[in-house]
Amino acid sequence: MQTGSCLCGGVRLEVSGGLPDIQACYCGSCRKAQGSAFVAVLPVAKTDVRFTAGEDLLAAFESSPGKHRVFCRVCGAPILSRAAALPDRLRLRAGLLDGPLGVRIASHAFVAEAADWCVIDGDAPRYPGPRPA
């Protein structure tokens, strides 16, 4: 069981089961949503995430048709994204979770859109666009 929270601590959650490796995305939309060079997400089953506090503090923005980015409406911290095409999956923001995670970055997507000031290190596969399904 992993626990996590938003910046203000109002939204708290638990993730059951083992964590998958992290997927990094460098697309322009993810950069804007995170305010950073990339987003680091953990693709998890919706049933593995349980909000223990602050679910009423969540707000969502449909950033593209069928894709919602969910954030804390108090502190603005990104929490997760969900896609209508994958209703049973959530893309949880890795930085929300407490303590060591024991996972690594498994892939880098949309590297063709990466910010020119971002250096992508490591040996994980890199894809110029979306990662293969």
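## Reading a predicted mixed-sheet model

User: What is the accessible surface of the protein chain, and what share of it belongs to carbon and sulfur atoms?

Analyst: The protein chain exposes an accessible surface of about 7,300 Å², and carbon and sulfur atoms account for 54% of that area. Please keep in mind that this is a predicted model. As for the interior, 36% of the 133 residues of the protein chain count as buried.

User: How should the overall dimensions be read, and what does the radius of gyration of the protein chain come to?

Analyst: The radius of gyration is 14 Å, close to the 14 Å that the globule rule gives for 133 residues, so the protein chain is as compact as a globular protein of that length. Taken along the principal axes, the C-alpha atoms fill a box of roughly 40 × 30 × 30 Å. Contacts along the sequence complete this view: among those between residues at least 6 apart, 53% join residues at least 24 apart.

User: Which secondary structure elements does the protein chain contain, and in what pattern do they follow one another?

Analyst: The protein chain has one helix and 10 strands. Along the sequence, the elements follow the pattern β-β-β-α-β-β-β-β-β-β-β.

User: How do strands come together in a sheet, and in what order do they stand here?

Analyst: In general, strands of a sheet pair through backbone hydrogen bonds, and the pairing may be parallel or antiparallel. In this model, seven strands form an open sheet with mixed pairing, in the order S6-S7-S8-S9-S4-S3-S10. Strand S6 (58-64) and strand S10 (105-109) are at the edges; each has a single partner strand, so one side of each lacks a neighbour in the sheet. From one strand to the next, the twist averages 30 degrees.

User: Which strands are joined to S9 by bridges, and how many bridges are there in each case?

Analyst: Strand S8 (residues 78-83) is joined to strand S9 (residues 89-93) by two bridges, and the two strands run antiparallel. A hairpin of five residues leads from S8 to S9. Within this pairing, Leu80 has Leu92 as its bridge partner, and Ser81 has Arg91. Strand S4 (residues 39-45) also runs antiparallel to S9, with five bridges between them. Here Pro43 stands opposite Arg91. Arg91 is therefore a useful residue to inspect in the viewer, with Ser81 as its partner in S8 and Pro43 opposite it in S4.

User: How is a disulfide recognised, and how many does the count give?

Analyst: The criterion is a pair of cysteine sulfur atoms within 2.5 Å. By this rule the count is zero. The sulfur of Cys27 has its closest cysteine sulfur in Cys30, at 3.7 Å, which is too far for a bond. Cys118 is in no disulfide either, since the nearest cysteine sulfur, that of Cys25, is 12 Å away.

User: Are Cys27 and Cys118 buried or exposed?

Analyst: Cys27 is buried, at a relative accessible area of 11%. Cys118 also counts as buried, at 17% relative accessibility.

User: What is notable in the backbone of Phe110, and where does this residue lie?

Analyst: Phe110 has a positive phi of about 60 degrees although it is not a glycine. Phe110 lies in the segment after S10 and is partly exposed, with a relative accessible area of 24%.

User: Where does Gly122 lie, and is it buried or exposed?

Analyst: Gly122 is located in the segment after S10 and counts as exposed, at 58% relative accessibility. Its C-alpha atom is separated by 8.6 Å from that of Ile105, 17 residues apart along the chain.

Conventions. Residues numbered from 1 in each chain as written. Predicted model: local features only at pLDDT ≥ 70, side-chain atom pairs only at ≥ 80, totals over all residues. Heavy atoms only, no water. Pairing = 2+ DSSP bridges. Helix = DSSP H or I, 4+ residues; strand = E, 2+ residues; numbered from the N terminus. Axes fitted to C-alpha atoms, helices over the stretch in contact; angles between N-to-C directions. Buried < 20%, exposed > 50% of the residue type's maximum accessible area, 1.4 Å probe, protein only. Rg over C-alpha atoms; globule rule 2.2 N^0.38 Å. Contact = heavy atoms within 4.5 Å. Areas by Shrake-Rupley, 256 points an atom, 1.4 Å probe, with all protein chains shown as cover.
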